[in-house]
Amino acid sequence: MERALSWILYQRFVRRAKGTQDSRQVFIRARKWADCPWQVYVASALMEWEYGREEKASIHTTHPKTTQSLRY
């Protein structure tokens with residue numbers, strides 16, 4: 001759980017410091033991590049929805065181990 005929290009906090013920091021695109025790149029890096037838990041996906045979707053109000057980006061966050069979209 002500590003690693004998931006580290007990714008989430010890092011993604012929030014990058015969004016504040018550098019912007020949306022760089023924050024999305026952090027999420028992509030986190031997804032490539034073999035043990036990436038669901039909390040990282042949820043936090044990323046919530047950030048997309050809260051900060052940018054981009055519904056399309058937050059709705060279409062999918063987990064690589066499933067075929068269904070996670071809807072928030």
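1. Start with helix α2, where S23, V26, F27 and A30 are buried. These buried residues cover an arc of only 100° around the axis, which puts them on the same side of α2. Turn to the other side of α2 and you find Q21 and K32, which are exposed. If you wonder why a helix can have sides like this, an α-helix has 3.6 residues a turn, so residues three or four places apart point the same way. Keep in mind as you read on that this is a predicted model.

2. You can also check α2 with a ruler. At 1.5 Å a residue, its 13 residues should span 18 Å, and the end C-alpha atoms are 19 Å apart, which agrees.

3. Now step back to the whole chain. How many helices and how many strands are there in the chain? There are four helices and zero strands, so reading from the N terminus you get α-α-α-α. Of the 72 residues in the chain, 32% are buried. The accessible surface comes to about 5,200 Å², and carbon and sulfur atoms account for 53% of that.

4. A word on contacts along the chain. Take the contacts between residues at least 6 apart in sequence: 42% of them join residues at least 24 apart.

5. Helix α1 can be read in the way we read α2. Its buried residues are A4, W7, I8, Q11, V14 and R15. Seen down the axis of α1, they fall within an arc of 130°, so they line one face of the helix. The face turned away from that buried side carries the exposed residues E2, R16 and A17. The ruler check works here too: the 16 residues of α1 should span 22 Å at 1.5 Å a residue, and the end C-alpha atoms are 22 Å apart, which agrees. Just after α1 comes G19, with a positive phi of about 125°.

6. Two other residues of α1 are worth a click. S6 lies in this helix, which covers residues 2–17. Is S6 buried, partly exposed or exposed? With 47% relative accessibility, S6 counts as partly exposed. A polar atom of the S6 side chain lies 2.9 Å from the backbone oxygen of E2. S6 and V40 are 34 residues apart along the chain, yet their C-alpha atoms are separated by 9.5 Å. F13 is also in α1, and its relative accessible area of 45% makes F13 partly exposed. The C-alpha atoms of F13 and S23 are separated by 8.2 Å, and these two residues are 10 apart along the chain.

7. Next, have a look at R15 and E48. R15 sits in helix α1, and E48 is found in helix α3. R15 has a relative accessible area of 11%; the cut-off for buried is under 20%, so R15 counts as buried. E48 is buried too, at 6% relative accessibility. Which side chains make polar contacts with the side chain of E48? One is the side chain of R15, at 3.3 Å, and another is the side chain of R24, at 2.9 Å. Leaving out residues up to four places away in sequence, R15 touches T20, S23, M47, E48 and Y51. S23 takes us back to point 1, where it was one of the buried residues of α2.

8. Last, the aromatic rings. A pair of aromatic rings is described by the distance of the centres and the angle of the planes. How many aromatic pairs does a search of the whole structure find? It finds one. The rings belong to F27 and Y41: their centres are 5.6 Å apart and their planes stand at 90°, so the pair is edge-to-face. F27 lies in helix α2 (residues 20–32) and Y41 in helix α3 (residues 38–52), so the pair ties together parts that are 14 residues apart in sequence. Both F27 and Y41 are buried.

How values were computed. Residues are numbered from 1 along each chain as its sequence is written. This is a predicted model: local features need pLDDT of at least 70, side-chain atom pairs count only at pLDDT 80 or more; totals for chains, interfaces and linings use all residues. Side-chain values use heavy atoms; hydrogens and water are left out. Rings of Phe, Tyr and Trp (its six-membered ring) pair if their centres lie within 6.5 Å; planes under 30 degrees apart count as stacked, over 60 as edge-to-face and the rest as tilted. Helices (H or I, at least four residues) and strands (E, at least two) are DSSP runs, numbered from the N terminus. Buried means under 20% relative accessible area, exposed over 50%, partly exposed in between (1.4 Å probe, protein chains only). A polar contact is a pair of N or O atoms within 3.5 Å; within protein, one must be able to donate a hydrogen and the other to accept it, and residues adjacent in sequence count only if both atoms are side-chain atoms. The expected span of a helix is 1.5 Å times one less than its number of residues. The arc is that of the directions from the helix axis to the C-beta atoms. Contact means heavy atoms within 4.5 Å. Accessible areas come from the Shrake-Rupley method with a 1.4 Å probe; for residues, only the protein chains shown count as cover.
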